[in-house]
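Got the viewer open? Grab the mouse and follow along, one selection at a time.

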Amino acid sequence: SMKNIIERIKGLNFPADQYVVVGSGLLDALGIRKAADIDIAVLPDLHKKLCEDSDYEKYEKYGKVFLKKEDVDIIPSLSWSEYPTTTEEAIRSAMIIDNIPFMNPQELKKFKQALGRDKDIKDIRLIDDYLSTVNTR
């Protein structure tokens, strides 16, 4: 669709303090590269609500219930050994762009390092380039 990532996320109508866009959504919002899928980590209350919404397809992974609707993937919680940051912490430290909470660049870098796939390594370079051009203080 021609909608940009911000419009696509706003269209989900999620409560502002209960989610954070993780993965390469930030890179898309910053105009660094397009993100194919939108990955969103949510708090338990929102997860429960979405589980009851028939628009979302449920699938199990790592013993947790993930949800999918079109190009949106819902992550039930950010907790695995290689990446210790919780969803709550990621929300608290989010970079807000146009009222949408995105995982901040430094955090996204840690997240991508924990995943460590080829595309993550490429994204880490993009994040480093971005960070070197902005004043992060």
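How far apart should the ends of helix H6 (residues 118-133) be, going by 1.5 Å a residue? Keep in mind that this is a predicted model. Select 118-133 and put a distance on the two end C-alpha atoms: they sit 23 Å apart. The expected span for the 16 residues is 22 Å, so the two values agree.

**Stop 1: the two sides of H6**

Stay on H6 and colour Asp120, Asp123, Ile124, Ile127, Tyr130 and Leu131, which are its buried residues. Look along the axis: these residues cover an arc of only 125°, so they lie on the same side of the helix. Now pick a second colour for Asp118, Lys122, Arg125, Ser132 and Thr133, which are exposed on the other side of H6.

What covers the buried residues of H6? Show helix H2 (25-29), strand E6 (95-97) and helix H5 (105-115), which are among the elements that do.

**Stop 2: a link from H5 to H6**

Next, show the side chains of Lys109 and Asp128, which meet in a salt bridge at 2.7 Å, N to O. This pair ties together distant parts of the chain, with Lys109 in helix H5 and Asp128 in helix H6, 19 residues apart. Lys109 is partly exposed at 23% relative accessibility, and Asp128 is also partly exposed, at 31%.

**Stop 3: Asp120 and its network**

Go back to Asp120, one of the buried residues of H6. Which residue does Asp120 pair with in a salt bridge? Select Arg117: the closest N and O atoms of the two are 2.6 Å apart. Asp120 has 0% relative accessibility and so counts as buried, whereas Arg117 is partly exposed at 39%.

Then widen the selection to Arg33, Lys112, Arg117, Asp120 and Asp123, and you'll have a network of residues linked by salt bridges. Asp123, like Asp120, is on the list of buried H6 residues.

**Stop 4: Asp73 and Lys68**

For the last pair, leave H6 and select Asp73 and Lys68. Their side chains meet in a salt bridge, 3.1 Å from N to O. Is Asp73 buried or exposed? Asp73 is buried, with a relative accessible area of 9%. Lys68 counts as partly exposed, at 26% relative accessibility.

If you'd like to keep hunting, the structure holds ten salt bridges.

Key. Residues are numbered from 1 along each chain as its sequence is written. This is a predicted model: local features need pLDDT of at least 70, side-chain atom pairs count only at pLDDT 80 or more; totals for chains, interfaces and linings use all residues. Side-chain values use heavy atoms; hydrogens and water are left out. Helices (H or I, at least four residues) and strands (E, at least two) are DSSP runs, numbered from the N terminus. The expected span of a helix is 1.5 Å times one less than its number of residues. Buried means under 20% relative accessible area, exposed over 50%, partly exposed in between (1.4 Å probe, protein chains only). The arc is that of the directions from the helix axis to the C-beta atoms. Contact means heavy atoms within 4.5 Å. A salt bridge is a side-chain nitrogen of Lys or Arg within 4 Å of a carboxyl oxygen of Asp or Glu.
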